[in-house]
Amino acid sequence: MTQIGKPISRLEGQLKVTGTAKYSGEYNVPDLLYGYVVNSAITKGKIVKIHTTSAEALKGIIKIFTHENRPGTAWFDMQYADMDAPPGAPFRPLHDGEIRFNGQPIALVVAETFEAARQAASMIIVDYDETGFETGLQANVGNAREPKKGLATLLKPPPPKPTGDFEKAYAEAPFKASGEFIHGTEHHNPMELFTTTTLYDGEGKLTIYDKTQGTINCQLYVGNVFGLHFKNVRVVSPFVGGAFGSGLRPQYQLFFAVMASLDLKRHVRVTLDRSQMFTFGHRPQTIQHTRFGATEQGKITALNHTSIAETSQFEDYTENVTNWSPMLYPADHTLLQQKLVSLDLNSPVDMRAPGGCTGLHAIEATMDELAYKLKMDPLELRLMNYSTFNNAEKKPFSSKELKECYLQGAERFGWSKRSPEPRTMRKGHKLVGYGMATGIWDAMQLPARAEVMIAKDGKLHVKSAVTDIGVGTLTVMTQIAADEFGLPMKDVVFSYGDSKMPFAPIQGGSFTTATVGTAIVFASKALKKKLLKSVKGINGSFKDAEIEDVIFKDGMVTFQGNSVGFLEIIQANKNRPVRTTNLGYPHSLKLRKYARAVHSAAFVEVEVDEELGTIKVTRALTAVAAGRIINPKTARSQVLGGMVWSISKALMEESILDTNLGKYMNQNLAEYHIPVHADINELDVLFIKEHDEVINELGIKGVGEIGLVAMTPAIANAIYHATGKRINQFPIHFDKLMQD
């Protein structure tokens, strides 16, 4: 009755589609106040005066908070951080009258109704002393510098040091390919707006319903900033309507809701509107350059990849953009560099596959260009340079079935039907193009704790503070726990999304299933030993039983034909639950010898209207090698979501920055274009069997990011094959294809 490997539908699905699931802004709270944020209309300067008199006179207005009257905080004059904070000094709302970026929150109106708060916010007039600013990356590349180092570099290490003599090897290479790649800004736009509902439970005690990817992260943030004992701060977030990285760090509505609640000793809700979702967190502007050299046979000898990306003036946000090429393609001569430019913008934030989908576009498009110069099939070039060894870390991979991703994916897609030359495949008046690319993402695992308990109802209860941002965490954790004890899904209760539960890190980076799943395995093993000890006191037949000889199945503990039920154990324990809480962690000594990654190969077909230049992705396939797949249905959904986003990233999605104003001009979903159903055609996902006994107890790798990283370059490569035009600036619009 194994549950792992079954395509089980999401357990919370019915709650979500019927509207029963409550999100952070949907809790019915009596005597609730509403906050509305006022944002700066300038990009840089100082606030001279905030005129609030007219707004304060409006009926129902309780208080207007500004930098002049904000309550004191514990850490305002110190550097505080959250789990995902980059090096630097995090932005502090209402700290002073300085304006550091356009849209910076500068006031909070609190009223008896949301409508009154919003109306009052529109009546506030602000006098500014505006100063000059710089927000454009391309105009400031001359100011690029090395990133500062900090705790964040543990998860985002700098590029490997140079090897060999790249310049000499590149100059001598008989075949070369190079390119400049420009990525503009993208903003997270999850369906659920950022909302915090703060319940004031008494002097200094708060229950906070927040849209977040880390309940404990927000708990630590609130405790540190407002000087509260962590036990007096409870953050609850069982349902999250999408996040994609935007909820990794506490956003400013959390600060405002807590500040107002503590000051007024009332329940307060603060919700950001859609335009305010463009005032924090985004994928950064990035400029990349590549130079690859190869032999006449296609063996790569020289790799150079540089990137320059934006960051804010107060933090050094970085991404792993240039680290990937030596992980995929071994070369003796490498030169990899990453630099930052500080601009007058808010700090970027991790956005699904941060750095990976940016860097792999440049790498895989350069590989495609090299293949055409070699007159070699792009797939053949990748197979020529295939290696089970990670050249960046000088270690073998714990497992790598990328070759099977190539071969099985190509067969299923029909890659062999591709005509080698560009502009040679047609369907009526449309040019048809095939493109492919390689994907890679880190297979990480972090420490986490889980509580596992047999309760009075005889069921297995599992608890973790982890959130579920819509990826199926509730379902797969239930499957893992069920298999540990040989139980049906209905006899397992997984509770999550609450900071009072055992520690879990932020949910992101494709590491959650490995991280929390391993904690459940560790705790289950400990509970089994505890149960066996109890059984020995109940039934003498178990006297000589060792844990490896005992079978746990269907709520029974069995040894040599003798069985004791969970309910009997609880009764013998005076109806008290039997529980244990344990830490799950990666086996660092074991893993130190290996590199760990999930791999993919994407294959794409596009049709380009020869006269209009319009582009349609008609079909695509992603083949993924991600170790053991816990739930093929939810995993497939994750990869499909990444593929849809790839179409958005490659062809539609961009935040238009007016560098004269320092402002994003399309702060809405009417002008910030994302795909609709009519834009999505035939998408296919193929999971390749991959066995990994090294990576963790479950042999699993994450799939959250891998669906995105390979498909964006595959789309760009398919467009080149269709049109003969190599466009290295995302998104690729029809006007670029119309240019000579």
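**Figure 1. Leucine 94, a buried loop residue with positive phi.** In this predicted model, leucine 94 has a relative accessible area of 3% and is therefore buried, the cut-off being under 20%. The residue sits in the loop that runs between strand 3 (61-65) and strand 4 (98-99). Its phi is positive, at about 60 degrees, although leucine 94 is not a glycine.

**Figure 2. Aspartate 554, a partly exposed loop residue with positive phi.** Phi of aspartate 554 is near 55 degrees, which is positive in a residue other than glycine. The loop that holds aspartate 554 lies between strand 24 (551-553) and strand 25 (556-559). Is aspartate 554 buried or partly exposed? Its relative accessibility is 46%, so aspartate 554 counts as partly exposed, a class that runs from 20% to 50%.

**Figure 3. Arginine 145 and its side-chain polar contacts.** Arginine 145 belongs to the loop between strand 6 (125-130) and helix 4 (166-172). With a relative accessible area of 24%, arginine 145 is partly exposed. Which side chains form polar contacts with the side chain of arginine 145? One is that of aspartate 316, at 2.7 Å. Another is that of serine 342, also at 2.7 Å. When neighbours within four places in sequence are left aside, the residues in contact with arginine 145 are Thr311, Asp316, Lys339, Leu340 and Ser342. As a distance reference, the C-alpha atoms of arginine 145 and phenylalanine 522 are separated by 44 Å; along the chain these two residues are 377 residues apart.

**Figure 4. Alanine 519 in helix 12.** Helix 12 (residues 512-538) contains alanine 519. The relative accessible area of alanine 519 is 0%, so the residue is buried under the 20% cut-off. What does alanine 519 touch, not counting residues up to four places away in sequence? The partners are Ala448, Arg449, Ala450, Asn582 and Gly584. For one of these partners, asparagine 582, the C-alpha atom is separated from that of alanine 519 by 6.7 Å. The two residues are 63 residues apart along the chain.

**Figure 5. Asparagine 696 and the backbone atoms reached by its side chain.** Asparagine 696 is placed in the loop between strand 32 (682-687) and helix 16 (706-709). At 8% relative accessibility, the residue counts as buried. Its side chain reaches two backbone atoms of different kinds: the nitrogen of leucine 698 at 3.1 Å and the oxygen of isoleucine 700 at 2.9 Å. Residues up to four places away in sequence not being counted, asparagine 696 touches Gln445, Ala514 and Thr518. Two of these partners, Ala514 and Thr518, have numbers that fall in the range of helix 12 (residues 512-538), where alanine 519 is also found.

**Figure 6. A nonpolar surface patch that includes isoleucine 656.** Ile656, Leu661 and Met665 make a nonpolar surface patch of about 250 Å². Isoleucine 656 has its place in the loop between helix 15 (632-651) and strand 30 (657-658). Its relative accessible area is 37%, so isoleucine 656 is partly exposed and also passes the patch cut-off of over 30%.

**Figure 7. The cis peptide bond before proline 731.** The peptide bond that leads from phenylalanine 730 to proline 731 is cis. Its omega is near -5 degrees. Proline 731 is found in the loop between strand 33 (729-730) and helix 18 (734-738).

**Figure 8. The whole chain, as context for the close-up views.** The protein has 18 helices and 33 strands. The C-alpha trace spans about 80 × 80 × 50 Å along its principal axes. Why does the radius of gyration agree with a compact globule? With 740 residues, such a globule would have a radius near 27 Å, and the protein has 27 Å. Of the 740 residues, 61% are buried. Among contacts between residues at least 6 apart in sequence, 81% join residues at least 24 apart. The accessible surface comes to about 28,800 Å², and carbon and sulfur atoms account for 51% of that surface.

Terms used
Residues are numbered from 1 along each chain as its sequence is written. This is a predicted model: local features need pLDDT of at least 70, side-chain atom pairs count only at pLDDT 80 or more; totals for chains, interfaces and linings use all residues. Side-chain values use heavy atoms; hydrogens and water are left out. Helices (H or I, at least four residues) and strands (E, at least two) are DSSP runs, numbered from the N terminus. Buried means under 20% relative accessible area, exposed over 50%, partly exposed in between (1.4 Å probe, protein chains only). Contact means heavy atoms within 4.5 Å. A polar contact is a pair of N or O atoms within 3.5 Å; within protein, one must be able to donate a hydrogen and the other to accept it, and residues adjacent in sequence count only if both atoms are side-chain atoms. Patches are made of residues with over 30% relative accessible area and no salt bridge: like charges are joined within 9 Å, nonpolar side chains (Val, Leu, Ile, Met, Phe, Trp, Tyr) within 5 Å. Accessible areas come from the Shrake-Rupley method with a 1.4 Å probe; for residues, only the protein chains shown count as cover. A salt bridge is a side-chain nitrogen of Lys or Arg within 4 Å of a carboxyl oxygen of Asp or Glu. The radius of gyration is taken over C-alpha atoms; the globule rule is 2.2 Å times the number of residues to the power 0.38.
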